[in-house]
Amino acid sequence: MADEIKAITNLDRLVHEPARLAIMAVLSACESADFAYLTHATGLSKGNLSAQLSKLEDAGYVAIAKGFKGKYPNTVCSLTPAGRRAFESYQKQVQALAQYLKK
Amino acid sequence: MMSEPDVHQLIQKTRRYEFADGLRDLQLAVLLGLGGASAWLGFEPGWMAIVGNLAKTYGRWAAWVGLLPMVLVLLAVWGMLPLMNILRKRWLWRESGMVKPSRWAVPRRVNVLTAVIMVGGMGVSLGLRALGWADDAFVLRMIWAATGWGFGYTLFAMGRQLALPRYRWLGAIGGFISTVLLFLPLRFGQSSLAFGLLWCVLLVVSGVLALRHASSAAKKAQ
């Protein structure tokens, strides 16, 4: 029991927040995605998405490449190896918790 | 504040994105259709005679012309990539955004099982030949039948994994047709052509239907 409670408290808070979890889930399923796809897939507003991406970038979980597509700015995001590891370990922890709660 | 996201659905949706517009189906149709035709051509006596005459007239290097159809197939498939990119950037994904897909569309166990199916099929045909129940032509036709089973299984697994029912149908129908080919009295070249064209037709139908759907979705989004 104590181990499971420990697992809950050990969850990576940065990944656990719903908006950031959605972003990381999308990025874990591809090599990279642009800003337009992330807003389309997650349903987040541009401002919120931008703020959450900055937090993930600061933590070293997401790499952001800014460029231009014609005259328009184009932002492409991808998970860093550390971000991929963090997302995988978060998923494992959540699955273990779900299994424990089923018992 | 955002409610708890459905992680599984988000992952599935993003993986499906690459295949939902049907362009990958059309690319595979070109690969299999032209690949089958070039394999057939390679075993045609007329083409072999042309390549032989070229080698006699211009020297041994001219025999490389025999590989030209294969090179053209690869160029056509490779050339489709920038074309697909342009179509997506300017039309299909213009509003919904661009994604660079993962290298592997299915889990490793699906790839392993596909290889087992293909090698297993070949093993069975060689075993039947050793027992005297099958001839050499059957073993050669098995190359295509086993390839069809393996490819069909991969598509079926992808259909389940990505919640794309058309791939489940495609895998099942293609796998069945590949089995029928095994029992038709065809030479190797002919079975290559039949295999390539059948898969090509199936993939074109699937690709065009998906593309129509994606096109109307893109129109609505604009």
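Reader: Let's start with Thr80(A): in which loop does this residue lie?
Author: Happy to start there, with the reminder that this is a predicted model. Two elements of chain A flank Thr80(A), and the residue sits in the loop between β3 and α6.

Reader: Is Thr80(A) buried or exposed?
Author: The relative accessibility of Thr80(A) is 17%. The cut-off for a buried residue is under 20%. Thr80(A), at 17%, therefore counts as buried.

Reader: Which residues is Thr80(A) in contact with, leaving aside its neighbours within four places in sequence?
Author: One helpful pointer is Ala63(A), which is 17 residues away from Thr80(A) in sequence but 6.0 Å away in space, C-alpha to C-alpha. With the sequence neighbours left out, the contacts of Thr80(A) are Gly60(A), Tyr61(A), Val62(A) and Ala63(A).

Reader: And what does the side chain of Thr80(A) reach at 2.5 Å?
Author: Gly60(A) is among the contacts of Thr80(A). At 2.5 Å, the side chain of Thr80(A) reaches a backbone atom of that residue, namely the oxygen of Gly60(A).

Reader: Moving to the strands of chain A, how many bridges pair β2(A) with β3(A)?
Author: Strand β2(A) covers residues 62–69, and strand β3(A) covers residues 72–79. One of the bridges links Ile64(A) to Cys77(A). The two strands run in the antiparallel sense, and the number of bridges between them is eight.

Reader: Which residue takes a positive phi in the hairpin of β2(A) and β3(A)?
Author: This hairpin has two residues between its strands. The positive phi there is near 70°, and the residue that takes it is Gly70(A).

Reader: What are the bridge partners of Ala33(A)?
Author: Let's take one strand at a time. β1(A) pairs with β3(A) in the antiparallel sense over two bridges, and in β3(A) the partner of Ala33(A) is Cys77(A). β1(A) is also joined to β1(B), residues 99–101, by three bridges, again antiparallel. In that strand of chain B, the partner of Ala33(A) is Val99(B).

Reader: That takes us across to the other chain; how is the size of an interface often given, and what is the area buried between chain A and chain B?
Author: Interface size is often expressed as the accessible area that is lost when the parts come together. Here the contact draws 23 residues from chain A and 20 residues from chain B. Carbon and sulfur atoms give 61% of the buried area, and the total is about 1900 Å².

Reader: Which side chains meet in a salt bridge between chain A and chain B?
Author: The count of salt bridges between chain A and chain B is one. The N to O distance is 3.5 Å, and the side chains that meet are those of Glu31(A) and Lys100(B).

Reader: Which element gives the largest share of the side of chain A that touches chain B?
Author: The elements that give two or more residues to this side are α3 (18–28), β1 (30–34), α4 (35–42) and α6 (81–102) of chain A. The largest share is seven residues, and these come from α3(A).

Reader: How do the residues on that side of chain A divide into nonpolar, polar and charged?
Author: For context, the count of residue pairs in polar contact between chain A and chain B is five, with both residues at pLDDT 80 or more. On the side of chain A that touches chain B, the residues divide into 14 nonpolar, six polar and three charged.

Reader: Now for chain B itself, in what order do the elements run from the N terminus on?
Author: Chain B has eight helices and one strand. Read from the N terminus on, the order is α-α-α-α-β-α-α-α-α.

Reader: Which side chain makes a polar contact with the side chain of Asp21(B)?
Author: Asp21(B) is in the loop between α1 (7–20) and α2 (23–42) of chain B. With a relative accessible area of 2%, this residue is buried. Its contacts beyond four places in sequence include Leu92(B), Trp93(B) and Gly207(B). The polar contact of its side chain, at 2.8 Å, is with the side chain of Arg88(B).

Reader: One last residue: what is the phi of Ala163(B)?
Author: Ala163(B) sits in the loop between α6 (136–162) and α7 (165–182) of chain B, and at 36% relative accessibility it counts as partly exposed. Most residues other than glycine have a negative phi. Ala163(B) has a positive phi, near 55°.

Technical notes:
Residues numbered from 1 in each chain as written. Chains lettered and ligands numbered in written order. Heavy atoms only, no water. Contact = heavy atoms within 4.5 Å. Buried area = accessible area lost by both parts, 1.4 Å probe. Salt bridge = Lys/Arg side-chain N within 4 Å of Asp/Glu carboxyl O. Polar contact = N/O pair within 3.5 Å; in protein donor to acceptor, adjacent residues only side chain to side chain. Helix = DSSP H or I, 4+ residues; strand = E, 2+ residues; numbered from the N terminus. Nonpolar A, V, L, I, M, F, W, Y, C, P; charged D, E, K, R; others polar. Pairing = 2+ DSSP bridges. Buried < 20%, exposed > 50% of the residue type's maximum accessible area, 1.4 Å probe, protein only.
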